[in-house]
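I opened the notebook to record what I looked up, going from one element to its neighbours and keeping each entry short.

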Amino acid sequence: MHISEMFRLVRGNQHILDVLDVLHCDRLALRIHDGAFSAMDLTARHPRIGELLSTVKFMVQTIAAAGELQRDLQRELTYDGLRAAEAKGSQGGRRPALAVAKTADVRAAYLEGRSIAALARGHGVSRGAIRTAVADLLPDPAAIEEDSPAPELPVTLDMPGKVADFLRATDVGPAALDQGVTVRRGQSFTLRVTAAPALHRQLLNRCQPLDGRQDAPAIPAQRKARRDYENRVSALAPI
């Protein structure tokens with residue numbers, strides 16, 4: 001049997017002797033590669049009575065007692081440190097990975113179609129932290145019927161820059177626009193928006209004024225931009 005260090009296998013004085021007896025009964029040799037026991041032959045026994053040599057037993061008990069004392073001291077120092085921290089008002093346990101100030105933004109973005117994975121990447125936290133923040137918004141698996149359709153997954157569409165500028169100017173653009181990726185194309189740009197198909201359809205409806213009204217004739221470039229976005233949204237699978 002090969003182990004890196006004796007205390008990876010045993011935890012106390014008597015435990016070491018018990019392990020050595022088991023190895024002896026099973027006719028197994030023990031090799032320790034590191035630590036205080038690495039230079040010792042712990043399987044050396046008296047040729048007649050079959051017991052551990054007295055010198056081996058003494059060294060095993062002495063070194064094991066020293067190791068046990070070290071572990072006890074470490075445990076006591078750890079408890080003393082925790083009590084001192086509690087006296088200063090510090091709370092134990094892992095700190096929340098997501099700041100409380102960002103929880104509302106995360107919940108709003110999730111309702112607008114952002115996936116948990118995308119939110120975790122954007123805020124530099126784990127997916128579990130995002131799930132905790134939106135726990136009450138997650139669908140209940142027990143309440144979903146077997147025949148119910150699967151929820152829509154977010155898709156990425158290129159929104160013409162004139163459409164994005166209109167939505168931002170009218171103060172109706174959701175957080176999905178703020179998290180979009182701007183792609184420059186000469187003098188114009190497109191905004192790469194990732195959102196659920198339903199949100200894309202809502203954005204399309206909100207920019208309906210770009211087609212023109214009686215009191216405000218349409219600007220050809222803006223109308224063309226809206227129709228380009230409409231074609232991309234229409235290509236999505238229907239609800």
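**Entry 1, the sheet.** I began with methionine 159 and found leucine 191 of strand 5 standing opposite this residue; the model I was reading is a predicted one. I then followed the pairing of strand 3 with strand 5, which is antiparallel and runs over six bridges. Along strand 5 I also noted threonine 194, the bridge partner of threonine 156.

I next asked myself in what order the strands of the open sheet lie. The three strands have the order 3-5-4, and their pairing is antiparallel. Strand 3 and strand 4 are the edge strands, since each of them pairs on one side only. From one strand to the next, I noted an average twist of 25 degrees. As a general reminder, I wrote down that strands of a sheet pair through backbone hydrogen bonds, in either a parallel or an antiparallel sense.

**Entry 2, the hairpin.** Turning to strand 4, residues 181-185, I found that this strand runs antiparallel to strand 5 and is joined to strand 5 by five bridges. One of the residues I checked was arginine 184, whose bridge partner in strand 5 is phenylalanine 189. Strand 4 and strand 5 form a hairpin with two residues between them, and I noted that glycine 186, in the turn, has a positive phi of about 70 degrees.

**Entry 3, the cores.** I went back to methionine 159 with another question: which residues touch the most other members of the largest nonpolar core? In this core of 19 residues they are Met159, Val163, Leu167, Leu177, Cys207 and Tyr229. At least two residues of the core come from each of strand 3 (155-160), helix 6 (161-169), strand 5 (188-195), helix 8 (197-206) and helix 9 (220-234). Helix 6 contributes the most, with four residues. I also recorded another core, lying apart from this one, with 13 residues that include Val19, Leu20, Leu30 and Val60. In general, nonpolar side chains of soluble globular proteins tend to be buried together.

I then looked at how helix 6 is placed against the sheet, and found that helix 6 lies across strand 3 and strand 5, running at about 90 degrees to strand 3.

**Entry 4, helix 8 against helix 9.** I looked up the packing of these two helices and read an angle of about 155 degrees, with the axes 10 Å apart. Because the angle is over 145 degrees, helix 8 is roughly antiparallel to helix 9. Their crossing is left-handed. On the helix 8 side I listed His200, Arg201, Leu203 and Leu204, which meet Arg226, Tyr229, Glu230 and Val233 of helix 9. Tyr229 was already in my notes, as one of the residues touching the most other members of the largest core.

**Entry 5, helix 4 and alanine 99.** In helix 4, residues 116-123, I found Ile116, Ala117, Ala118, Leu119 and Ala120 buried. Among what covers these residues are helix 3 and helix 5 (127-133). Glycine 124 follows helix 4 and has a positive phi, near 65 degrees.

Last, I asked where alanine 99 is placed. Alanine 99 is in the loop between helix 2 (54-87) and helix 3 (100-111), and I noted this residue as partly exposed because its relative accessible area is 40%. Alanine 129 is 30 residues from alanine 99 in sequence, and their C-alpha atoms are 9.9 Å apart in space.

Methods: Residues numbered from 1 in each chain as written. Predicted model: local features only at pLDDT ≥ 70, side-chain atom pairs only at ≥ 80, totals over all residues. Heavy atoms only, no water. Buried < 20%, exposed > 50% of the residue type's maximum accessible area, 1.4 Å probe, protein only. Core = buried A, V, L, I, M, F, W, Y, C linked by side-chain atoms within 4.5 Å. Pairing = 2+ DSSP bridges. Axes fitted to C-alpha atoms, helices over the stretch in contact; angles between N-to-C directions. Parallel < 35°, antiparallel > 145°, perpendicular 65-115°, else oblique. Left-handed = near helix turned anticlockwise from the far one by under 90°. Contact = heavy atoms within 4.5 Å.
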